[in-house]
Structure formats: structure tokens, C-alpha cells
Amino acid sequence: MDRLVFLLSSGLARGAVLALFALSLVIVWRAARVVNFAQAAMAIAAVYVAFAITAASGSYWLGLIGGLATGALLGAAVEAGLMRRVPHTTPLPGMIVAIGLVMILQSGLSIAFGPQHRTMRPPFSERPFDLGGVPVLSPYELFVLVVAALVMGGLALLFNRTSLGLQLRASAFAPETSRLLGVRVPRMVTVGWMLSVATAALAALLLVPTELGLNPFAADLLFVNAFAVAVIGGLDSPAGALAAGIGVGILSSLVTGYVSASAAPLAVLAVLTAVLLLRPGGLVAAGKARSA
Amino acid sequence: MQTTPPPRLEVSGLEVRFGGLTALDDVSLTVGDGQTVALIGPNGAGKTTLFNAVCGLVRPRRGTVGVAGRPAPSSPTGLLAAGVARTLQGLGLFEQLSVLENVLVPLSSLRRDAERARAVLADLDLASVADRPVGTLPYPERKRVALARALVTDPGLLLLDEPAGGLGSADIDALAATVRALAEDGRAVALVEHHVDFVMAVADRIVVLDFGKVIAAGTPDEVRGDPAVEAAYLGGAS
């Protein structure tokens with residue numbers, strides 16, 4: 001029982017990071033109809049900036065803010081400088097450009113910072129709380145959960161309670177109609193990229209301290225799992241990303257704890273396969289595809 | 001000395017070509033405040049192309065479009081600022097968004113403008129469905145949502161593209177009353193429509209297009225008796 005509680009709580013924290021990263025993929029898919037395969041590389045580039053700021057200032061929080069700002073700026077730069085010029089007749093050209101961007105970014109980061117792992121210290125202890133002899137969430141995992149919940153809540157408020165959010169959603173559903181109604185659709189696409197990459201950078205920032213360390217490829221596995229999560233939840237569905245992220249995080253934790261760590265990715269793939277067979281649009285499939 | 005204000009919409013000598021096809025050929029018309037002008041004609045006559053030219057979606061080869069005495073802006077935001085709003089032939093609603101959200105899209109502030117949006121919805125008898133997704137509404141209500149979205153910016157010039165299309169007779173009667181009320185409020189209304197009875201009921205003037213040319217223009221009674229119109233359109237439609 002103790003083990004189950006521990007695995008559930010750590011799976012919850014892991015799932016929150018997965019959900020955040022999957023949410024970032026959903027945001028950019030909705031905004032630009034691009035599966036951004038460069039999301040992990042872009043997020044890690046932002047984490048390197050956060051690492052440098054923290055190293056220079058001694059403040060984790062300054063690094064966090066700098067990393068998020070870098071993610072947003074990188075998102076805007078990639079959208080305006082690259083993706084906007086890619087044909088959008090199908091999602092394929094954008095995906096190919098994104099894969100090319102992965103190579104450029106990871107090679108560039110390797111040249112600039114070297115391929116070695118750099119230790120990033122978490123701002124809080126990773127030792128689990130002891131509740132009546134049962135190990136549960138560590139302070140850092142609690143921090144991850146709180147930050148993830150705040151960011152998801154903030155994004156939900158932004159999308160559902162503000163004019164910017166409404167215009168972002170309208171642009172995603174029907175860009176041409178939105179343009180006729182005075183919505184600056186290109187600007188909405190840029191904002192979508194900024195939000196998306198900043199969210200991905202946050203997820204990577206939260207994950208890296210718990211992994212082997214920072215290196216140019218540190219978020220690759222996170223991307224693979226989060227992409228699976230986004231597809232399981234439904235690429236168009238923020239709620240689906242959240243639910244699937246938590247579910248997959250807990251599933252991975254349980255399989256790791258009760259079977260083996262190497263079986264966890266297989267369990268995720270099994271769920272992904274089942275969802276694709278039974279509900280190809282994802283568990284929380286959007287009602288209708290984008291229209292003109 | 002009192003000067004006459006310029007017409008709300010003034011189209012002069014408009015020519016639009018799509019490759020070798022002349023979609024509009026020397027088309028001129030004016031719509032004044034408080035006036036309803038209907039554009040009629042067979043499919044492909046150039047009616048919607050004229051709206052598209054007014055909205056800057058197609059570039060005319062010749063001619064001018066003026067709104068309230070100034071050249072018409074070519075950007076959607078500029079048109080909204082100039083007091084021009086349009087409904088689309090295919091509704092163009094966001095099916096996944098609620099009725100209220102659909103109406104709020106052209107506005108800049110949800111908090112500040114929500115009250116106005118709800119008032120417009122109430123005027124069009126849509127208050128009770130304001131929070132429902134548009135995709136769940138029956139077609140006549142969705143048509144009214146499209147009209148509400150055009151009205152929410154309080155336009156001086158309203159372009160209605162087939163507002164009566166797909167409606168039953170009771171809904172068309174209600175729409176006619178709404179359009180008449182809009183004109184009585186002082187708005188200029190230009191509409192493209194196939195439904196002849198509706199046009200005759202609401203229009204102060206009718207402009208008949210055929211193959212991109214104006215073949216007749218005048219009051220409903222004048223147009224009704226025009227042999228060229230009967231040959232091109234009314235005779236086959238009635």
C-alpha cells in the first residue's frame with residue numbers, strides 16, 4: 001500500500017510535466033497546424049539560457065523567468081522567421097522544417113555548450129515527505145504540481161476569459177473567417193507559438209533537475225512521451241492533454257514500480273495503439289476539424 | 001447652407017476581372033443612410049464579387065469604392081473601424097464556440113463589450129441560447145447569430161449576403177421586419193438575395209446584375225416591370 005501511494009504521487013508529478021509539454025504541442029497544433037518536432041530542442045535551448053542565468057546570478061527564479069522569456073522569444077522567432085514561410089497546404093512541410101530545426105538546434109547547442117551533462121539543482125528538496133511512515137511527494141514534486149496547476153489554470157483563463165484567448169481559439173478554428181472579422185490571424189499564430197514554446201520550456205525546466213542533467217538531448221524522451229500523450233488526449237484538445245498526461249504519468253510510474261522501468265514505454269505505446277485503433281481522434285476528440 | 005452628406009456606400013465604375021472573365025463591368029451604385037439596396041441577379045451575376053470588392057477581398061481593375069465619402073479601407077480591421085460589417089453567404093460561424101463568443105470575436109474586450117453583445121442577442125431573440133455552442137442551434141437561429149455578429153460592432157453600413165437563404169416563410173417575415181428596423185435606425189443596408197418576395201418587401205432600391213453588368217436599377221415597382229429583368233432573372237425565378 002505504501003508503495004502504491006508513493007508511485008501514485010510521483011506519477012502525478014511526472015504526469016503534470018507530461019501534461020504541460022503535451023499542452024504545448026496542442027497549443028501550437030491548434031494555432032498553426034504544425035506538429036512541432038523541434039519543441040524539445042527549442043525548450044532545451046531555453047533551459048540552457050535559464051541554466052546560464054542561474055549560474056551567473058545564483059537565483060533559480062531569475063533563471064526560470066529568463067528561460068520562459070527565451071522560450072517565448074524563440075517561439076516568435078521560429079514562427080516569424082521560418083514557419084510563416086512554409087507552405088501550409090498540408091502539415092507535412094511544417095513537420096519536415098521542424099525536424100530540420102531539431103538538427104540545427106541540437107548541433108548548435110552541442111557546439112556552444114558541449115555534449116556533456118550539466119547538473120541542474122532543483123530549488124526544493126527531492127526527498128519525499130514522510131506521512132505516517134509512508135513516503136509521498138517530495139517538496140520539489142509538490143512544487144512541480146503547483147506550478148503545473150497554476151500554469152494550466154492561467155492558460156485556461158487566458159483562452160476562456162480574455163479577448164486574446166477568444167481570438168486565439170477563433171483563429172485556430174477558422175482562420176479565414178477570423179481574418180474577415182478583424183482578427184489579426186498572423187499575430188495570433190505568433191502568440192500561439194510563443195505560448196507553446198514557453199510552456200514547453202517550463203515543462204523541460206521542471207523535468208531536467210530530476211533527470212541525469214542538462215544536455216542538448218535532455219528533453220527528447222519527454223517529447224516522445226508528450227507527443228504520445230497529446231495524440232492519446234486528442235491533438236486539438238487541451239483538456240485531453242491534461243487528462244492523458246496525468247493518466248500516462250501515473251501509468252508509467254506504476255509500471256516502473258511494479259514491473260520494470262524498461263516496460264513503462266511499452267505500456268505507453270500499448271495505450272497509444274489502443275487509442276489509435278478505437279478512437280483515432282483521441283480520447284477527447286474535437287467535434288470538427290478546422291474550417292476556412 | 002446645409003451640405004448633403006456623402007452616401008454611406010458609393011461604388012463607381014467598378015470593374016473586376018478573374019483572368020479572362022469579367023466578373024463586374026462598370027458597376028456603380030450608392031447606398032445612403034437609412035436606405036436598403038438589394039442586389040439581385042442570377043447565380044454568377046457578380047453580386048457577391050461586388051461585396052468582396054467593397055470589402056477589399058478582390059482588387060478591382062478599375063473604379064472606386066467609397067465609404068462615407070472616403071476611399072474604402074481594404075483591411076478587415078479598417079472596414080470595421082469605418083463602420084462596415086458583413087455577413088457571409090455560408091454563415092461563417094465558429095461551430096465550436098458559444099453564441100455569445102461568436103458575437104464577441106470582432107470586439108476587443110470581453111468584459112467591456114459583453115453587455116453590448118448580450119443586448120444585441122436579446123434584440124434578435126437569442127438571449128436564451130447565448131451560452132450554447134452555435135453548432136447545436138437550428139439553422140434559422142444560426143442565421144440570426146451571424147446577423148448579431150455583424151450588428152455588434154454597431155456598423156453604419158451593413159452588407160448582408162443572402163440573409164434569407166434557407167429560411168422558412170415565418171423566419172423570412174421576421175427577418176424582413178428586422179432589416180426594415182435597421183434601416184429605420186439610420187443604417188445603410190446592402191443585401192444580396194435570391195428570394196424575390198423578401199427583396200420586394202425590404203428594398204428601397206434594387207440593382208439587377210447579369211454577367212457582371214447592371215441591367216436595371218430602381219424602385220421595386222420599376223424593376224418588377226422591366227422587361228430586361230424579367231428576361232434575365234425574375235421571369236425564371238417567380
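Reader: Which is B:Arg187, buried or exposed?
Author: The cut-offs come first: under 20% relative accessible area a residue is buried, over 50% it is exposed, and in between it is partly exposed (1.4 Å probe, protein chains only). B:Arg187 has a relative accessible area of 14%, so B:Arg187 is buried.

Reader: Thanks! What pLDDT do local features need in this model?
Author: Residues are numbered from 1 along each chain as its sequence is written, chains are lettered from A and ligands numbered from 1 in the order in which they are written, and side-chain values use heavy atoms, leaving out hydrogens and water. This is a predicted model in which totals for chains, interfaces and linings use all residues and side-chain atom pairs count only at pLDDT 80 or more, while local features need pLDDT of at least 70.

Reader: Which residue meets B:Arg187 in a salt bridge?
Author: A salt bridge here is a side-chain nitrogen of Lys or Arg within 4 Å of a carboxyl oxygen of Asp or Glu. The partner of B:Arg187 comes to 3.0 Å, N to O, and the pair links distant parts of chain B, 33 residues apart. With a relative accessible area of 46%, the partner is partly exposed, and it is B:Asp154.

Reader: In which loop does B:Asp33, the salt-bridge partner of B:Arg8, sit?
Author: B:Asp33 and B:Arg8 bring their closest N and O atoms to 2.8 Å. B:Arg8 is in the segment before strand E1 (9–18) of chain B, 25 residues away along the chain, and B:Asp33 is in the loop between strand E2 (21–31) and strand E3 (36–40).

Reader: How many residues apart are B:Glu15 and B:Arg62?
Author: These two form a salt bridge with the closest N and O atoms 2.9 Å apart. B:Glu15 lies in strand E1 and B:Arg62 in strand E4 (residues 62–67) of chain B; helices (H or I, at least four residues) and strands (E, at least two) are DSSP runs, numbered from the N terminus. Along the chain, B:Glu15 and B:Arg62 are separated by 47 residues.

Reader: And which of the two labels, buried or partly exposed, fits B:Arg62?
Author: Its partner B:Glu15 is buried, at a relative accessible area of 9%. B:Arg62 has 48% relative accessibility, so B:Arg62 counts as partly exposed.

Reader: How many salt bridges does the search of the whole structure find?
Author: One between the chains joins B:Glu101 to A:Arg169, with the closest N and O atoms 2.8 Å apart. Across the interface of chain A and chain B the rule finds 1. Over all chains the search finds 13.

Reader: What area is buried between chain A and chain B?
Author: The size of an interface is often given as the accessible area lost when the parts come together. Here that loss is taken with a 1.4 Å probe and summed over both parts. Carbon and sulfur atoms give 70% of the area, which comes to about 1700 Å².

Reader: Which residues of chain A lose the most area to chain B?
Author: The contact, meaning heavy atoms within 4.5 Å, takes 19 residues from chain A and 19 residues from chain B. Together, three residues give 36% of what the side of chain A buries, and they are A:Leu166, A:Leu180 and A:Leu181.

Reader: Which residues does B:Arg142 touch, not counting those up to four places away in sequence?
Author: B:Arg142 has its place in helix H5 of chain B. It is buried because its relative accessible area is 18%. By that count, the residues that B:Arg142 touches are B:Leu91, B:Leu93, B:Glu95, B:Val134 and B:Leu137.

Reader: How far apart are the end C-alpha atoms of helix H4 of chain B?
Author: The expected span is 1.5 Å times one less than the number of residues. For the 14 residues of H4(B) (residues 110–123) that gives 20 Å, which agrees with the end C-alpha distance of 19 Å.

Reader: What covers the buried residues of H4(B)?
Author: In H4(B), the buried residues are B:Leu110, B:Asp113, B:Ala114, B:Ala117, B:Val120 and B:Leu121. Their cover includes helices from both chains: helix H5 (139–161) and H6 of chain A together with helix H3 (99–104) and H5 of chain B.

Reader: Last one: what distance separates the C-alpha atoms of B:Ala174 and B:Val192?
Author: B:Ala174 lies in helix H6 of chain B and, at 43% relative accessibility, counts as partly exposed. B:Val192 is 18 residues away along the chain, and the two C-alpha atoms are separated by 17 Å.

Notes. Buried area = accessible area lost by both parts, 1.4 Å probe.
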